[in-house]
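User: Please explain the terms applied to this model, setting each value against its criterion.

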Amino acid sequence: MSDLGAGFGYLMKGQRWVARHGRWFGFGLLPGLVTLVVYAGALIGLGYGADDLVGWATPFADDWSSPWQGLLRTGLTALVFVFGLFLAVITFTAVTLLVGQPFYESLSEEVDRSEGGEVPESGLPLWQELWISARDSVRILLRVALYGIILFACGFIPVVGQTVVPAIGFCVSGYFLAEELTAVALQRRGMVLKDRLVLLRGRRLLVLGFGVPLALSFLIPFVAVFLMPGAVAGATLLARDLVDPDPDNGPGTADSGDAPAPRAWSA
């Protein structure tokens, strides 16, 4: 369980890093602000239209008596909106990272530089980095969508659907959120998506400790924008120690022998 606390510690270290480097904090805010405006409009539209969508999708309930029709459609409307929030938490990071690729690459490099040692560079042109990031994000989002469909269906199970399922949903959100953020630093180290997932699976609790609190905080309006620069910084610190752990006091020490070797890039 200590890995959960260590993961949260990386999130806090990242926020402290950008607090000490105010210029980079402001630099990292710009992509999030652009994405926030788009997502806010989409969620507001979903909030207004979810009940109409549910009504259209459940014509069989038109003749149901009260209170059964109201209970069914109110419950489904809530599930649709929760599912929308679930996707928003995951896709917000992916879209923001894609929009802000040059911004966050520079921020991550600066974190590496400030910590000393090697400062890896991908050596790829910007268009190829954007293509690889977009391709990997789609692959991650397909995985998330599959989990989301399963969890949405499980949401109809009495009691479990209102307690266990949301908790699992936040764990899924946090895990893949951490993957998206650490990808900025790990891609510069030449690690493809398959290798990144193997690396993160080796320290699931550490990854969840970093990602789940971030996923929960992203539900609060505007918080995601202000936490993104520090989240990228913290994910870079996490990636550094996962790939090249401190032999005396590093979270990846126990699994360092299992860390996959970076592979050559392929578009």
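Analyst: The expected span of a helix is 1.5 Å times one less than its number of residues. The model discussed here is predicted.

User: How do you know that the span of helix α1 agrees with its number of residues?

Analyst: Helix α1 covers residues 2–20, and its 19 residues should span 27 Å at 1.5 Å a residue. The end C-alpha atoms of α1 are 27 Å apart, which agrees.

User: What makes the buried residues of α1 line one face of the helix?

Analyst: The buried residues of α1 are Asp3, Gly7, Tyr10, Leu11, Gly14, Gln15, Trp17 and Val18. Seen down the axis of α1, they fall within an arc of 160 degrees, so they line one face. Their cover includes α2, α4, α8 and α9, whereas the face turned away from the buried side carries the exposed residues Ser2, Ala19 and Arg20.

User: Why is the pair of Tyr147 and Phe176 called tilted?

Analyst: Ring centres within 6.5 Å make a pair, and planes neither under 30 nor over 60 degrees apart count as tilted. The centres of Tyr147 and Phe176 are 6.0 Å apart with planes at 50 degrees, so this pair is tilted. Tyr147 lies in helix α5 and Phe176 in helix α6, 29 residues apart.

User: Why is the pair of Tyr175 and Phe176 called edge-to-face?

Analyst: Planes over 60 degrees apart count as edge-to-face. Tyr175 and Phe176 have 90 degrees between their planes, at 5.5 Å centre to centre.

User: Why does Phe176 count as buried or exposed?

Analyst: Buried means under 20% relative accessible area. Phe176, at 6%, therefore counts as buried.

Key. Residues numbered from 1 in each chain as written. Predicted model: local features only at pLDDT ≥ 70, side-chain atom pairs only at ≥ 80, totals over all residues. Heavy atoms only, no water. Helix = DSSP H or I, 4+ residues; strand = E, 2+ residues; numbered from the N terminus. Buried < 20%, exposed > 50% of the residue type's maximum accessible area, 1.4 Å probe, protein only. Arc of directions from axis to C-beta. Contact = heavy atoms within 4.5 Å.
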